[in-house]
Amino acid sequence: HVLDEAERSLHDALCVLSQTVNDTRVIFGGGWPEMVMSKEVDELARRTPGKKSHAIDAFSRALQAIPTIIADNAGLDSAELISQLRAEHHKENSTVGIDVISGGVSSS
């Protein structure tokens with residue numbers, strides 16, 4: 001069973017590598033759009049009375065999970081990066097996302 005899992009993992013990694021070599025285009029963002037949406041949804045949750053605010057808040061947390069997953073998949077400290085990302089997004093017109101190459105947050 002362990003060998004089968006190892007074989008599937010190796011196959012998946014080779015497929016990703018092959019696709020990366022064939023198509024080198026990159027989608028930028030690093031969680032930037034999700035953080036912008038999360039901030040707006042969170043503000044809506046604070047203004048909404050009653051039980052609806054809990055559902056809206058849960059959606060805000062779900063949006064924040066995407067940059068966390070990006071950081072985790074890159075082998076980075078997601079807790080530290082998400083706190084930096086959140087702090088940057090409380091500034092006006094922030095375009096900061098996770099930079100998996102440098103291991104930090106950046107807008108480039």
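Lys91 is partly exposed, at 46% relative accessibility. The side chain of Lys91 meets that of Glu88 in a salt bridge, 3.1 Å from N to O. This is a predicted model. Its salt bridges come to four. Its largest nonpolar core has eight residues. One buried acid, Glu34, has no salt bridge.

**Salt bridges**

- Side chains of opposite charge can pair when their charged atoms come close.
- Glu88 and Lys91 form one such pair, with N and O 3.1 Å apart. Glu88 is partly exposed, with a relative accessible area of 25%. Lys91 is also partly exposed, at 46%.
- Glu5 and Arg8 form another salt bridge, and their closest N and O atoms are 2.4 Å apart. Both belong to helix α1, three residues apart, so about one helical turn separates them. Arg8 is partly exposed at 42% relative accessibility. Glu5 is partly exposed too, at 36%.
- Asp42 pairs with Arg46 in a salt bridge, with the closest N and O atoms 2.9 Å apart. The two residues lie in helix α2, four residues apart, which is about one turn of the helix.
- Which partner is buried and which is exposed in the Asp42–Arg46 pair? Asp42 is the buried one, with a relative accessible area of 19%. That value falls under the 20% cut-off for buried. Arg46 is exposed, at 67% relative accessibility.

**A buried acid without a salt bridge**

- Glu34 is found in helix α2, which covers residues 32–47.
- Glu34 is buried but has no salt bridge. How far away is the nearest side chain of opposite charge? That side chain is Arg86, 13 Å away. A salt bridge needs the nitrogen within 4 Å of a carboxyl oxygen, so Arg86 at 13 Å does not qualify.
- Beyond its neighbours within four places in sequence, Glu34 is in contact with Leu63, Ile66 and Pro67.

**Nonpolar core**

- The largest nonpolar core is made of Met35, Ala71, Leu76, Leu81, Ile82, Leu85, Val96 and Ile98. Helix α4, residues 78–89, gives the most to this core, with three residues.
- Met35 touches Gln64, Pro67, Leu85, Arg86 and His89, with residues up to four places away in sequence not counted.

**Nonpolar surface patch**

- Leu10, Leu14, Leu17 and Val21 make a nonpolar surface patch of about 410 Å².
- Leu17, one of these residues, lies in helix α1, which spans residues 2–22.

**Gly30, between α1 and α2**

- Gly30 sits in the loop between α1 and α2. Gly30 counts as buried, at 19% relative accessibility.
- What does Gly30 contact, leaving aside neighbours within four places in sequence? The contacts are Ile70, Leu85, Gly97 and Ile98. Leu85 and Ile98 are also listed in the largest nonpolar core.
- Gly30 and Ile66 are 36 residues apart along the chain. Their C-alpha atoms are separated by 9.0 Å.

**Lys39, helix α2**

- Lys39 is found in helix α2. Lys39 is partly exposed, with a relative accessible area of 23%.
- Outside its neighbours within four places in sequence, Lys39 is in contact with His89, His90 and Lys91. Lys91 is the salt-bridge partner of Glu88.
- Lys39 and Phe59 are 20 residues apart in sequence. C-alpha to C-alpha, Lys39 and Phe59 are 11 Å apart.

**Ser53, helix α3**

- Ser53 lies in helix α3, which runs over residues 52–73. Ser53 is buried, with a relative accessible area of 14%.
- Ser53 touches Ala45 and Thr48, not counting residues up to four places away in sequence.

**His11, helix α1**

- His11 lies in helix α1. Is His11 buried, partly exposed or exposed? His11 is partly exposed, with a relative accessible area of 48%.
- His11 and Gly75 are 64 residues apart along the chain. Their C-alpha atoms are separated by 20 Å.

Methods:
Residues numbered from 1 in each chain as written. Predicted model: local features only at pLDDT ≥ 70, side-chain atom pairs only at ≥ 80, totals over all residues. Heavy atoms only, no water. Buried < 20%, exposed > 50% of the residue type's maximum accessible area, 1.4 Å probe, protein only. Lys, Arg positive; Asp, Glu negative; His and termini not counted. Contact = heavy atoms within 4.5 Å. Patch = residues over 30% accessible without salt bridge, like charges linked within 9 Å, V, L, I, M, F, W, Y side chains within 5 Å. Areas by Shrake-Rupley, 256 points an atom, 1.4 Å probe, with all protein chains shown as cover. Core = buried A, V, L, I, M, F, W, Y, C linked by side-chain atoms within 4.5 Å.
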